[in-house]
Amino acid sequence: MEENNTKEVNLLQLINLCFNWLKKIGSSILNFLGYLTQLSFRHKVVVIITIMVCLIYGLYLSRPSARIYKAEAMAMLYGSETSTAKEICKQLENSVQSNKLYSLATKLSLPDSVGRNIVGIQSFYVIVNYKDGVGDMIDYKNNHPLSDTLNLRMRDRFYLQIKTKNISQIPRVQAAILNFFNTNPVMKNQFESRKNQIIQQIKICDVESQRIDSLAKVSYFKDVDKQLRFEKDKLLIGDQKKQLFYDDLLRLQEIKANAQNRLVNFTHPMELPSGFVVNPAPENGRMKYGVIGILIGFILSLIFSGLIENTKKIIVFLIKK
């Protein structure tokens, strides 16, 4: 009993210590918030001026002429794999607007008036959770582990994102991006090679279907010689059954149909089925940047107020040997 009571008392003491610690932390936070409130009240002029300056700057960054919009599209690849397309896309992602030779306008063969409005281009892998050919998520952080065998990167598509200041120019930029990928020599060669493979597969199916059809006619109408033989403890006279080929023909037809469906899509090395879809909400909206400006202004004003109150201490610390 004494041992149980001792353990019980120790547990109660531990709980009491935890509550006291939480109470102390809460009290410290409240005291700190109270100090900040007093500090901001004592230097309310500095606080108001700093917040107003940051708010005005935030509204300036979110002015209509500087607003940035996102446009995104799924890029389907025919012949090439995603790794190849992303390597080619690095030329667009690492473009330098200040250098005319490496600018997006030069690489995409666009006028400078259009290229200047493109803030940037990014590409992302598409992750599939099940082997059903349907993308489940976009790897926006580009940090999907290669060792993950459950969520795999899709090899026939990737996601493109454009940031632009002028959404009316998106169709022109889209055409330029498609032309950039579809005229790439590597992607063109891989596209033609894969397309020829599918065409040859269809031709082989046609030839094989004709061969099986001819063989079937010969087999169906061939007069078999009467013969005497045993089969499964039975005495059979003559041929009692004929070989049928409809299973082989159906299988060939299935292979041919799948190949024809794939061939229909092989018009260009890369396609954007839905085109670029623009998000109407800008990244730097007035409300968003206004709130951010107020928060940053308040934090800066507290820092300035603290420096003003402790100016003498700071000077003494700096000149102290």
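These exercises work through a predicted model of one protein chain.

**Exercise 1. The chain as a whole**

Find how many helices and strands the chain has, and what share of its residues is buried.

*Solution.*
- Start with secondary structure. The chain holds ten helices and eight strands.
- Next, take burial. Of 321 residues, 30% count as buried.
- Then look at the surface. The chain exposes about 22300 Å². Carbon and sulfur atoms supply 61% of that area.
- Finish with contacts. Take those with a sequence separation of 6 or more: 75% of them join residues 24 or more positions apart.

**Exercise 2. The largest pocket**

State which elements line the largest pocket with at least two residues each, and sort the lining by class.

*Solution.*
- Begin with volume. The largest pocket holds about 160 Å³ of space.
- List the lining. Met76, Leu77, Tyr78, Gly79, Ser80, Arg155, Asp156, Arg194, Arg262, Asn265 and Phe266 form it.
- Map these to elements. Strand E1 (69–77), strand E4 (152–164) and helix H8 (246–265) each give at least two lining residues.
- Sort by class. The lining has four nonpolar, three polar and four charged residues.

**Exercise 3. The length of helix H6**

Check whether the ends of helix H6 (residues 170–182) lie as far apart as 1.5 Å a residue predicts.

*Solution.*
- Count residues. H6 has 13.
- Apply the rule. The span is 1.5 Å times one less than the number of residues, so H6 should cover 18 Å.
- Compare with the model. The end C-alpha atoms are 18 Å apart, which agrees.
- Add burial. The buried residues of H6 are Ile170, Val173, Gln174, Ala176, Ile177, Leu178, Phe180, Phe181 and Asn182.

**Exercise 4. Two serines in loops**

Decide for serine 62 and for serine 109: buried or exposed?

*Solution.*
- Place serine 62. It sits in the loop between helix H2 (44–61) and E1.
- Read its accessibility. The relative accessible area of serine 62 is 0%. The cut-off for buried is under 20%, so serine 62 is buried.
- Name its partners. Beyond four places away in sequence, serine 62 touches Arg67, Asn284, Gly285, Arg286 and Tyr289.
- Place serine 109. This residue lies in the loop between helix H4 (104–107) and helix H5 (112–115).
- Read its accessibility. Serine 109 has 61%. Exposed means over 50%, so serine 109 is exposed.
- Check the backbone. Serine 109 has a positive phi of about 55 degrees, although it is not a glycine.

**Exercise 5. Asparagine 117 and glutamine 169**

Work out which residues asparagine 117 and glutamine 169 touch, leaving out those up to four places away in sequence.

*Solution.*
- Locate both. Asparagine 117 is in the loop between H5 and strand E2 (118–128). Glutamine 169 is in the loop between E4 and H6.
- List contacts of asparagine 117. They are Lys163, Thr164, Lys165, Asn166 and Gln169.
- List contacts of glutamine 169. They are Ser113, Val114 and Asn117.
- Check burial. Glutamine 169 has a relative accessible area of 16% and is buried.
- Add a distance. Asparagine 117 and isoleucine 167 are 50 residues apart in sequence and 9.2 Å apart in space, C-alpha to C-alpha.

**Exercise 6. Glutamate 208**

Give the element that holds glutamate 208, and its distance in space to aspartate 248.

*Solution.*
- Place it. Glutamate 208 is in helix H7 (residues 185–221).
- Classify it. Its relative accessibility is 26%, and glutamate 208 counts as partly exposed.
- Take the distance. Glutamate 208 and aspartate 248 are 40 residues apart in sequence. Their C-alpha atoms are 9.6 Å apart in space.

Terms used: Residues are numbered from 1 along each chain as its sequence is written. This is a predicted model: local features need pLDDT of at least 70, side-chain atom pairs count only at pLDDT 80 or more; totals for chains, interfaces and linings use all residues. Side-chain values use heavy atoms; hydrogens and water are left out. Helices (H or I, at least four residues) and strands (E, at least two) are DSSP runs, numbered from the N terminus. Buried means under 20% relative accessible area, exposed over 50%, partly exposed in between (1.4 Å probe, protein chains only). Contact means heavy atoms within 4.5 Å. Accessible areas come from the Shrake-Rupley method with a 1.4 Å probe; for residues, only the protein chains shown count as cover. On a 1 Å grid over the protein atoms alone, a cavity is a set of points where a 1.4 Å probe fits but cannot get out, and a pocket is an open set with protein on both sides within 12 Å along at least five of seven lines; lining residues have an atom within 4 Å of a point. Grid points are joined across faces, edges and corners, and a volume is the space filled by probe spheres set on the points. Ala, Val, Leu, Ile, Met, Phe, Trp, Tyr, Cys and Pro count as nonpolar, Asp, Glu, Lys and Arg as charged, and the others, Gly among them, as polar.
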